[in-house]
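Thanks for sending this one over. Here are my notes, written so that you can read them with the structure open beside you.

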Number of protein chains: 2
Amino acid sequence: MKIGELSEKSHYPAKTIRYYEDIGLLDRPTRDVNGYRNYDNSALQQLQFIRNSQAAGLKLKEIIQILDIRKEGQIPCKHVRQLLSRRLEEVTSRLDELQKAKEDLERLMAYADSFDQMSCDEELVCTILNRIK
Amino acid sequence: MKIGELSEKSHYPAKTIRYYEDIGLLDRPTRDVNGYRNYDNSALQQLQFIRNSQAAGLKLKEIIQILDIRKEGQIPCKHVRQLLSRRLEEVTSRLDELQKAKEDLERLMAYADSFDQMSCDEELVCTILNRIK
DNA sequence: ATCAATGTTCCAGTTAACTGGAATGTCAAG
DNA sequence: CTTGACATTCCAGTTAACTGGAACATTGAT
């Protein structure tokens, strides 16, 4: 199939498919006589795998690594586990940060609601924001 | 005070202070005869305000807006409330996303732990990641 | 006199994952 | 035969918030 069809089926823009090829994420397909890329279903599978991996929060570089391990005939399970575990830590600590940020923001909003709006004439730019500490 | 001193007191690198001036976030200070920047305490206060605003998750452009409103003699409370409320929404929805991502990752990890590692020889690159859907 | 530290400007690079656009080629339909 | 859709390559731009480095001036201390 040509790139347009693969694009439709995979829901990745053609531009992105070419980009993935450039960075070594997607295998180079064969070419028709006219130079057009000619994909088979394995390309679609790869793109689905890429989508799954992205959904798990992996970076393109990490996905390339997994694919490379496979290409060397190795089983990437162990590496994938490592990546997922690192990612889980990232997500967890980011969750904590955001939770704290949320509480701060709610406190700020509550203050903003409570106070007499016109009493704010300080040199400190904004009484609300300066209460975040 | 010179930029080095302001840098120490504010805990912002001198480079960043100059950058903030470039993008219109920090007022241009007066200059000494030699061309060196000469700051007073208000610069320090502004940097503290900037730090507070960043801590609330505001973008530099948004902080510039707040400062601009102040410079026009207006009270930025209403605008700040708006920004904070938008930010709170962002944080909340990002929290939801991450929470879901965390659950997915935990599910994936549990699967990775449970399964017989050497039974993985598929063409689909990785059985673990392909279970995310 | 010289040396290190600090200051200046200006330009370019970083990160990630694309996206836009120009210039050009190919193909199927009317 | 021309038109429009689709294909190609290649280069550059996007976003955010800096950061690095070159080339140069100034200052304070020895």
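The points below take the two DNA strands in turn and then a pair of helices in chain B.

1. A word on the source before anything else: this is a predicted model. Please read every distance below as a value computed from that prediction.

2. Let's begin with DNA strand C. It has 18 residues around it, and those that come nearest are A:Lys15, A:Tyr20, A:Gln54, B:Gly4 and B:Arg18. Of the strand C atoms within 4 Å of the protein, 65% belong to sugar or phosphate, and the rest belong to bases.

3. Some individual contacts to strand C are worth a look. On the base side, a polar side-chain atom of A:Lys15 sits 2.2 Å from a base oxygen of the strand. On the phosphate side, B:Gly4 uses a polar backbone atom, 2.5 Å from a phosphate oxygen, while B:Arg18 places a polar side-chain atom 2.7 Å from a phosphate oxygen. The elements that give two or more residues to this surface are helix H2 (14-22) of chain A and helix H1 (3-10) of chain B. The largest share, four residues, comes from H2(A). By class, the surface near strand C has seven nonpolar, five polar and six charged residues.

4. Now for DNA strand D. Among the 18 residues around this strand, A:Gly4, A:Arg18, A:Arg37, B:Lys15 and B:Tyr20 come nearest. Sugar or phosphate accounts for 66% of the strand D atoms within 4 Å of the protein, with bases making up the rest.

5. Which strand D atom does the side chain of B:Lys15 approach? It is a base oxygen, 2.3 Å from an N or O atom of that side chain. Phosphate oxygens of strand D also have partners in chain B: a polar side-chain atom of B:Gln54 lies 2.8 Å from one, and a polar side-chain atom of B:Asn34 lies 3.1 Å from one.

6. As for elements near strand D, helix H1 (3-10) of chain A and H2 of chain B each supply at least two residues. H2(B) gives the largest share, with four residues. The surface divides into seven nonpolar, five polar and six charged residues.

7. Finally, how do H1(B) and H2(B) cross? Their axes come within 9 Å and cross at roughly 100°, which means that H1(B) is roughly perpendicular to H2(B). B:Ile3, B:Leu6, B:Ser7 and B:Ser10 of H1(B) make the contact with B:Ala14, B:Ile17 and B:Arg18 of H2(B). Those residues comprise four nonpolar, two polar and one charged.

Note on methods:
Residues numbered from 1 in each chain as written. Chains lettered and ligands numbered in written order. Predicted model: local features only at pLDDT ≥ 70, side-chain atom pairs only at ≥ 80, totals over all residues. Heavy atoms only, no water. Near = heavy atom within 4 Å. Polar contact = N/O pair within 3.5 Å; in protein donor to acceptor, adjacent residues only side chain to side chain. Nonpolar A, V, L, I, M, F, W, Y, C, P; charged D, E, K, R; others polar. Axes fitted to C-alpha atoms, helices over the stretch in contact; angles between N-to-C directions. Parallel < 35°, antiparallel > 145°, perpendicular 65-115°, else oblique. Contact = heavy atoms within 4.5 Å.
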